[in-house]
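Please go through this structure with me, point by point. Keep the sequence open beside the 3D view.

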Amino acid sequence: MKGIVLAGGSGTRLYPLTIPVSKQLLPISDKPMIYYPLSVLMLAGIREILIIGKAADLPQFRTLLGDGSHLGLDLTYVAQPEPRGIAEAFLLGANHIGDDQCALVLGDNIFHGTAFSKLLRDEVRDLRGCTLFGYSVRDPERHGVGVTDEHGRLVDIEEKPSRPHSNRAITGLYLYDNDVVDIAKNLRPSARGELEITDVNRAYVAAGRAKLIDLGRGFAWLDAGTPEAMLQASQYVRTLEERQGVRIACIEETALRMGYIDAQTCYRLGTGMSGSNYGRYVMDIAEEFGALV
């Protein structure tokens, strides 16, 4: 499976913060926002990942992440000339996807939960068509909402419904088989001139090949697209990290635990940031892991 992080868009909801810089490079606690969606793909076992962003932002992403080889990844980049909807990611990433399946994650979405890596890898292994992830919210009218029948099968997706039939919002993490590229190529822009991800998902629903996984208790999903949401996300991450002594979305630790790099490589990456608490944490994890293997 190939992965895509959609880190484009104008970030207008965060102006003036995002006038000079991509919102995915802004901090959530002590890490750039893009670390969080990137770590999700890594936890799913995906190592070939395309980052889509504005042309002006790509040099900064490359400075931050390079080609990914230091993490055991293969990172590539493509520019999004202008935001034309989430589903445009499959057109921009068609060559990257090739004949493979695809996982798409939005660059401002943050996921955290117990045994998340196993859940993701199981769904990647068993993928048949499209797998979406739902999360119960108090304001479903602000989201795309998944509707299931009495047997729990996904039968409809309502886009920002005034009278929602469900409170399960569709999150910004999507798994697709290779048909997604052709589906995206045949989409027509919506009234707002965008290629809608909901139209992609509805095509799979209509074919009876869509699945909705509920992220229930023990999981957190945060959309960090506004200043208020960024603050809430930072507070959530900081609180958990302080209480549990672990770091969420530490990509060096994720690479180590997934077997993409060894403890020595992880330690070396930490020494390059040893002036920060984050760097010292990476070094400590590498030493602890190295002592156990």
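The numbered points below cover backbone oddities, buried residues, one helix, and the pockets and cavity.

1. **What kind of model this is.** The model is predicted. Keep that in mind at every point below.

2. **A cis peptide bond.** Begin with the pair Tyr 15 and Pro 16. The peptide bond that joins them is cis, with omega at about 5°. Pro 16 sits in a loop, the one between β1 (2–6) and β2 (27–28).

3. **Ser 29 and its phi.** Ser 29 is not a glycine, yet its phi is positive, about 60°. Look for Ser 29 in the loop between β2 and β3 (31–32). Is Ser 29 buried, exposed or partly exposed? Its relative accessibility is 24%, so Ser 29 counts as partly exposed.

4. **Ala 249 and its phi.** Ala 249 also has a positive phi, near 60°, and is a residue other than glycine. Its loop runs between α8 (227–244) and α9 (251–257). Here the relative accessible area is 9%, and the cut-off for buried is under 20%, so Ala 249 is buried.

5. **Lys 31, a buried lysine.** Lys 31 belongs to strand β3. Its relative accessibility is 1%, so Lys 31 counts as buried. What does the side chain of Lys 31 pair with? A polar contact of 2.8 Å links it to the side chain of Asp 30. Leaving out residues up to four places away in sequence, Lys 31 touches Leu 26, Tyr 36, Val 237, Glu 241, Ile 248, Ala 249, Cys 250 and Tyr 278. Note Ala 249 in that list; it is the residue with the positive phi from point 4.

6. **Glu 88, a buried glutamate.** Glu 88 lies in helix α3, which spans residues 88–92. At 6% relative accessibility, Glu 88 counts as buried. Its side chain makes a polar contact of 3.2 Å with the side chain of Gln 80. Gln 80 is also among the residues that Glu 88 touches, once those up to four places away in sequence are set aside. The others are Glu 82, Pro 83 and Leu 195.

7. **Helix α7.** Which residues of α7 (residues 197–206) are buried? They are Ile 197, Thr 198, Val 200, Asn 201, Tyr 204 and Val 205. Around the axis they cover an arc of only 160°, so they lie on the same side of α7. After α7 comes Gly 208, with a positive phi near 70°.

8. **Gly 129.** Gly 129 is in the loop between α5 and β8 (130–136). Its relative accessibility is 2%, so Gly 129 counts as buried. Outside its neighbours within four places in sequence, Gly 129 is in contact with Leu 175, Tyr 176, Asp 177, Tyr 204 and Arg 209. Tyr 204 is one of the buried residues of α7 from point 7. For a sense of distance, the C-alpha atoms of Gly 129 and Val 40 are 20 Å apart, with the two residues 89 places apart along the chain.

9. **The largest pocket.** How much space lies in the largest pocket? About 1600 Å³. Its lining has 47 residues, and Arg 13, Leu 106, Asp 108, Asn 109 and Asp 223 lie nearest its centre. Two or more lining residues come from each of β10 (154–159), β11 (168–176), α7, β13 (219–223) and α8. By type, the lining has 15 nonpolar, 19 polar and 13 charged residues.

10. **The second largest pocket.** This pocket has a volume of about 450 Å³. It is lined by 20 residues, and those closest to its centre are Leu 43, His 112, Arg 247, Ile 248 and Ala 249. At least two lining residues come from each of α1 (35–43), β7 (109–113), α5 (116–125) and α9. The split is 10 nonpolar, seven polar and three charged. Ile 248 and Ala 249 are also residues that Lys 31 touches.

11. **The cavity.** The count is one cavity of 30 Å³ or more. About 50 Å³ of space lies in the largest cavity. Its lining is Gly 8, Gly 9, Ser 10, Gly 11, Thr 18, Val 21, Ser 22, Lys 23, Gln 24 and Lys 54. These divide into one nonpolar, seven polar and two charged residues.

Notes. Residues are numbered from 1 along each chain as its sequence is written. This is a predicted model: local features need pLDDT of at least 70, side-chain atom pairs count only at pLDDT 80 or more; totals for chains, interfaces and linings use all residues. Side-chain values use heavy atoms; hydrogens and water are left out. Helices (H or I, at least four residues) and strands (E, at least two) are DSSP runs, numbered from the N terminus. Buried means under 20% relative accessible area, exposed over 50%, partly exposed in between (1.4 Å probe, protein chains only). The arc is that of the directions from the helix axis to the C-beta atoms. A polar contact is a pair of N or O atoms within 3.5 Å; within protein, one must be able to donate a hydrogen and the other to accept it, and residues adjacent in sequence count only if both atoms are side-chain atoms. Contact means heavy atoms within 4.5 Å. On a 1 Å grid over the protein atoms alone, a cavity is a set of points where a 1.4 Å probe fits but cannot get out, and a pocket is an open set with protein on both sides within 12 Å along at least five of seven lines; lining residues have an atom within 4 Å of a point. Grid points are joined across faces, edges and corners, and a volume is the space filled by probe spheres set on the points. Ala, Val, Leu, Ile, Met, Phe, Trp, Tyr, Cys and Pro count as nonpolar, Asp, Glu, Lys and Arg as charged, and the others, Gly among them, as polar.
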